[in-house]
Amino acid sequence: MLALELARHEAAHLRYTHSTLFAQTIDTTWVQQLHERDDLAEKVDAFVSRFGRLQDHLGEKLIPRFAALLGESPKSMLDVLAYAEKMQWIDKAEDFIGARKLRNLLVHEYMSDAQLFMQALLAAGQAAEMLFGTVAKLEAQATALGLQINT
């Protein structure tokens, strides 16, 4: 299943960026240095981009395709997430929606409020773990369905 393979690759890239970014101590001083440190700003940009890309892929492509495989056809993103929660692919639809809001906050509040940006970045770091878990649960579902997964 190509959509699952793509999600696995996106998750691997996000995991790399996540591990290198959050190995640092992120505080307001660190955030305030972003406009002077291109290396740090680039790492944040990569994380935000990869975080958003995996989130979009899961919510707009992978989860709906799995739902279709199981005979469901959710119409809206809320329906998709409610079905994913019912199937236990995600713990709570609200958490997935909250992660989407975090991404938007990280893009729009990039340098206007260091404290808010820091809090959003740290929360997104935790939300990335949820995305990794979702990919793992969908891999398990694919295996249970007997779908061939390229490794």
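Contact, in these legends, means heavy atoms within 4.5 Å of each other. Everything shown comes from a predicted model, and residues are numbered from 1 along the chain.

**View 1. Ile90 and its surroundings in the loop between α4 and α5.** Start with Ile90, which sits in the loop between α4 and α5. Its relative accessibility is 2%, so Ile90 counts as buried, since the cut-off for buried is under 20%. What does Ile90 touch, once its neighbours within four places in sequence are left aside? The contacts are Leu81, Ala84, Glu85, Phe96 and Thr134. For a sense of scale, take Ile90 and Ala124: 34 residues separate them in sequence, and their C-alpha atoms are 16 Å apart in space.

**View 2. Gln88, in the loop between α4 and α5.** Gln88 belongs to the loop that runs between α4 (77–86) and α5 (93–108). Is Gln88 buried or exposed? With a relative accessible area of 62%, it is exposed, because exposed means over 50%. Have a look at the backbone too: Gln88 is not a glycine, yet its phi is positive, at about 65°.

**View 3. Trp89 and its two ring partners.** Searching the whole structure turns up four aromatic pairs. In one of them, the ring centres of Phe66 and Trp89 are 5.8 Å apart and the planes meet at 65°, so this pair is edge-to-face. The pair ties together distant parts of the chain, with Phe66 in helix α3 (residues 38–69) and Trp89 in the loop between α4 and α5, 23 residues apart. Phe66 has 0% relative accessibility and therefore counts as buried. Trp89, at 2%, counts as buried too. Trp89 also makes an edge-to-face pair with Tyr83, at 5.6 Å centre to centre and 75° between the planes. Like Trp89, Tyr83 is buried.

**View 4. Helix α3 from end to end.** Does the length of α3 fit what you'd work out from its residues, and what are the figures? Here they are: at 1.5 Å a residue, the 32 residues of α3 should span 46 Å, and the end C-alpha atoms are 44 Å apart, which agrees. Where does α3 bend, and by how much? The spot to look at is Leu58, where α3 bends by about 45°. Follow the chain just past α3 and you reach Gly71, which takes a positive phi of about 85°.

**View 5. Asp56 on helix α3.** Asp56 is part of helix α3. Its relative accessibility is 23%, so Asp56 counts as partly exposed. Setting aside neighbours within four places in sequence, Asp56 is in contact with Lys61, Arg100 and Arg103. Compare its position with that of Tyr16: the two are 40 residues apart in sequence, and 19 Å lies between their C-alpha atoms.

**View 6. Phe22 and a cluster of rings.** Phe22 is placed in the loop between α1 and α2 (28–32). With a relative accessible area of 23%, Phe22 is partly exposed. Which residues share a ring cluster with Phe22? They are Phe47 and Phe51, with ring pairs linking the three. Not counting residues up to four places away in sequence, Phe22 touches Phe47, Leu121, Leu122 and Gly125. Gly52 is 30 residues from Phe22 in sequence, with 17 Å from C-alpha to C-alpha.

**View 7. Thr17 in helix α1.** Thr17 is found in helix α1, which covers residues 2–21. Is Thr17 buried or exposed? Its relative accessibility is 2%, so it counts as buried. Leaving aside neighbours within four places in sequence, Thr17 contacts Lys43, Ala46, Phe47 and Arg50. Phe47 turns up here again, having already appeared in the ring cluster with Phe22 and Phe51.

**View 8. Arg15 over the ring of Phe132.** Here's a charge over a ring: Arg15 lies over the face of Phe132. The distance from the ring centre is 3.9 Å.

**View 9. Confidence along the chain.** How sure is the predictor? The chain has a mean pLDDT of 90, and 94% of its residues reach 70 or more. Confidence is highest in α1, at a mean of 94, and lowest in α5, at 87. Where pLDDT is low, the predicted coordinates should not be read in detail.

Definitions and conventions: This is a predicted model: local features need pLDDT of at least 70, side-chain atom pairs count only at pLDDT 80 or more; totals for chains, interfaces and linings use all residues. Side-chain values use heavy atoms; hydrogens and water are left out. Helices (H or I, at least four residues) and strands (E, at least two) are DSSP runs, numbered from the N terminus. Buried means under 20% relative accessible area, exposed over 50%, partly exposed in between (1.4 Å probe, protein chains only). Rings of Phe, Tyr and Trp (its six-membered ring) pair if their centres lie within 6.5 Å; planes under 30 degrees apart count as stacked, over 60 as edge-to-face and the rest as tilted. A charge sits over a ring if NZ of Lys or CZ of Arg is within 6 Å of the ring centre and within 35 degrees of the ring normal. pLDDT is the predictor's confidence in each residue, from 0 to 100. The expected span of a helix is 1.5 Å times one less than its number of residues. The bend at a residue is the angle between axes fitted to the seven residues ending there and the seven starting there.
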